[in-house]
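Got the structure open and not sure where to begin? Let's take a walk through it, one piece at a time.

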Amino acid sequence: MALLDVRDLKVVFNRRGAEPFAAVDGVTFSVEPGQTVGLVGESGCGKSVTSLAIMGLLPKRGNTISGQVSFDGTDLLRLSDRQMRDRRGRDIGMIFQDPLSSLNPVIPIGVQVTEVLERHRNMKGSAAKKEAEGLLKSVGIPDPKRRLTEYPHQLSGGMRQRALIAIALACRPRLLIADEPTTALDVTIQAQILALLRRLVEETGTALIMITHDLGVVAGLCDTVNVLYGGRVVENADRHLLFAEPRHPYTHGLLGSVPRLDSNRGEPLRAIRGSVNDNIPWTAGCAFAPRCDHAINMCVEATPALENDGLRLLRCFNPVVPAKQGAKA
Amino acid sequence: MTTQPTEVLPTMAKPSTDPLLDVQDLKVHFPIRRGVIFDKTVGHVFAVDGVSLTVQRGETYGLVGESGCGKTTFGRGLLRLVEPTGGKAFFDGVELRSLRGEKLRTMRRRMQMVFQDPLSSLDPRQSIDGILSEGLKAHGLYANREAANRKLRQILTAVGLSASALRKYPHEFSGGQRQRIGIARAIILQPELVVADEPVSALDVSVQAQVINLLSDLQDEYGLTYLVIAHDLAVVRHISDRVGVMYLGGLVEEASSDELYEAPLHPYTRALMSAVPVPDPVVEDGRQQILLAGDLPSPANPPSGCRFHTRCPWRQQTKCDTERPALREIVPGHRVACHWAEDIRDGRIRAHDVAIELIRPEGGATAGPQVTQVAAEMAGTLPPGGVGGV
């Protein structure tokens, strides 16, 4: 059984004086225990809102959440605030993009780590401190004892992100959600953090949902990848298959748009035309149709469903034929 | 769509072989001031500390480095948006640092800049018409309404926007379109040099590709010379003919794009290359990463000798921490600032582990950060604990 099973998750923002906006429009995916799953997409595709909805972190007012998020058999969306608070941090940990704004600036790092231990693992005083020290050490923070007494501003960006990972992993959660954990960091620091995540996932056996816009990060880290567009999953496949033979025109286009370090320099990039603003609503057809080179009449007349072809899930009427694309490497 | 740009924007490239831009030992040091009554200078941030490079006419020079390496300050110092504190910069034979007042102002028409954040670099209360014609007016290129209008429309077509954009305001556009406006504003003055500071890093991948392709099309059409400053090595490699890698205020390596990728010589470049994720699982699984230990040291108190020696996996016992390596040409067209570049290339020196050094700013900037080495476990060519004097 899957550890996390997200089914038809929908988040609609109700706007005063305007049409309600579906930021997440029926997202379906699942995470097996110990698996690393990627959610990839550009800004506005609903990847962050999906993670916030899973964690129950969206405000109660002003939006409508529907669908199902079963974690280990319990539907998280039906839990009360109190029940959810017990789960958050204990069963599911989360790492955010900007470590400076997700750490409390006026509380020492040590207190922020022990807070979780006291709340969920009933640890107190020196035992909690000792555990916190071990946690900081395990994420590669040198001189952890001293770091515990310091404030977030005294740490560098990479160190802050490590501290945040330590807090998220304090209760050995079975699922870790990382929302763009390396976007604010430099490449060499990003490499450090990704190596750390890879090691921790291996050691602790926690499942990981990696939310990112960077296809390169996904290629090296995730087992399966979900590509999101306009609030829906448009393609889901094993990473090797997805990168070697992208079939959805959007995935195909994304891969063509990224300048690769090892690519042939002479050729221009295959950009996707237009921008996210050109989307049409899913109810009217395929949201990507206005930007798609493969669009046929059917694309603007009917809504494509997410279909399983045995190897992957694909939401497209006229997918890219893999033969001529092939692996670019 | 093709227009006749040559009619409106005559190519400025002169039949000359000397470089368009020749920078010699450029320095930008920012003073660190303390005190309420006495405004004492207690130290300097060595943002750019002696960078020399030349940019040929019509080429794209890419300057790459991580945050805090001084790449942006270099671009701004070059155009005198911040005042350099040392060195020389020749643009088409004219020394830029000696220019004052009106001369500098008119010179700026020939060197334009494209900024990173297109929203904050466009005046929200000015229409696109106003934004684009302001430069024309400032430089006396605004003959009359009709001619200017024709020019504006032509430039908008060239950057891929419709003429109806003229009456709109910046907030009405998407990020990619705003960046196109930023580019249009720069090239409408028929500059020779365009300094693009992180031109695509604020954009989504699909839109990023559009803007990269646009920059290259415009270069072909107008014969522009680019200095592209960016942190993304893959992007820089794609658009540049030559690439310079910066670390902590200095250039550590410079080579043609392909050469740099195929045979990086400086340890920092190697680490940087190996850290860039490639969107291909086969490549990602197969390659070896050089993980750098620790963070970038503070540019207010750069390490002695080679600035990279605190994090360098190839660091040697001698020279590295005492002598600052000069940028020297090892292979024609390939310059490296490393004492041991040849030995590393030929495999005579192997990489070893580097322990993280903690840098704690204590006792203010006068005393400078105290460097505490937690542990120096070096393997490979050095015996454990064999590095003295750190």
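We'll begin with a sheet in chain A, then turn to a couple of odd backbone angles, the contact between the chains and the nonpolar core.

One thing to keep in mind from the start: this is a predicted model.

Let's get our bearings in the sheet of chain A. Eight is the number to look for here: 8 strands make up an open sheet, and they line up in the order β6-β7-β8-β3-β9-β10-β12-β11, with mixed pairing. At the edges you'll find β6 (92-95) and β11 (307-308) of chain A. Each of these two has a single partner strand, so one of its sides has no neighbour in the sheet. As for what holds such an arrangement together, strands of a sheet pair through backbone hydrogen bonds, either parallel or antiparallel.

Now zoom in on strand β8 of chain A, residues 207-212. Is this strand buried or exposed? Of its 6 residues, 6 are buried, so β8(A) is largely enclosed by the rest of the structure. You can check that face by face: on one side sit A:A207, A:I209 and A:I211, on the other A:L208, A:M210 and A:T212, and all of them are buried.

Which strands pair with β8(A)? One is β3 of chain A (residues 36-40), which runs parallel to β8(A) and is joined to it by 5 bridges. To find this pairing on screen, pick A:T36, whose bridge partner in β8(A) is A:L208. The other is β7 of chain A (residues 175-179), also paired with β8(A) in the parallel sense over 5 bridges. Here A:L175 has A:A207 as its bridge partner in β8(A). To get from β7(A) to β8(A), the chain passes through helix α8 of chain A (residues 187-204), making a right-handed β-α-β crossover.

A helix also lies across part of this sheet. Helix α7 of chain A (residues 157-168) lies over β6 and β7 of chain A, and it runs at about 170 degrees to β6(A).

Further along the sheet, you can see the antiparallel sort of pairing. Strand β10 of chain A (residues 232-238) is joined to strand β12 of chain A (residues 313-314) by 2 bridges, and the two run antiparallel. Look for A:E235, which stands opposite A:L314 in β12(A).

Next, a backbone curiosity in each chain. A:D8, in strand β1 of chain A (residues 4-13), has a positive phi of about 50 degrees even though it isn't a glycine. With 12 other C-beta atoms within 10 Å, A:D8 is exposed. Over in chain B, B:D25 belongs to strand β1 (residues 21-34), and its phi is positive too, near 55 degrees. B:D25 has 13 C-beta neighbours inside 10 Å, so it counts as partly exposed.

How many residues does each chain bring to the contact between A and B? Chain B brings 42 residues and chain A brings 41. On the chain B side, the helices that each supply at least two residues include α7 (205-222) and α10 (267-275). The biggest giver there is α7(B), with 9 residues. Sorted by class, the chain B side has 24 nonpolar, 11 polar and 7 charged residues.

Last stop: the largest nonpolar core, with 194 residues. Touching the most other members are A:A163, A:A166 and B:I187. The largest share of this core comes from α7(B), with 9 residues. Leaving out residues up to four places away in sequence, B:I187 touches B:I155, B:V194, B:L218, B:Y222 and B:L224.

Methods:
Residues are numbered from 1 along each chain as its sequence is written. Chains are lettered from A and ligands numbered from 1 in the order in which they are written. This is a predicted model: local features need pLDDT of at least 70, side-chain atom pairs count only at pLDDT 80 or more; totals for chains, interfaces and linings use all residues. A residue is buried if 20 or more other C-beta atoms lie within 10 Å of its own, exposed if 12 or fewer, and partly exposed in between; C-beta atoms are placed from the backbone. Helices (H or I, at least four residues) and strands (E, at least two) are DSSP runs, numbered from the N terminus. Two strands pair if DSSP finds at least two bridges between them. A crossover is right-handed if, with the strands pointing away from the viewer, the path from the first strand over the helix to the second runs clockwise. Two residues are in contact if their C-beta atoms, placed from the backbone, lie within 7 Å. Ala, Val, Leu, Ile, Met, Phe, Trp, Tyr, Cys and Pro count as nonpolar, Asp, Glu, Lys and Arg as charged, and the others, Gly among them, as polar. Axes are lines fitted to C-alpha atoms, for helices over the stretch in contact, and angles run from 0 to 180 degrees between N-to-C directions. A nonpolar core is a set of buried Ala, Val, Leu, Ile, Met, Phe, Trp, Tyr and Cys residues joined through C-beta atoms within 7 Å.
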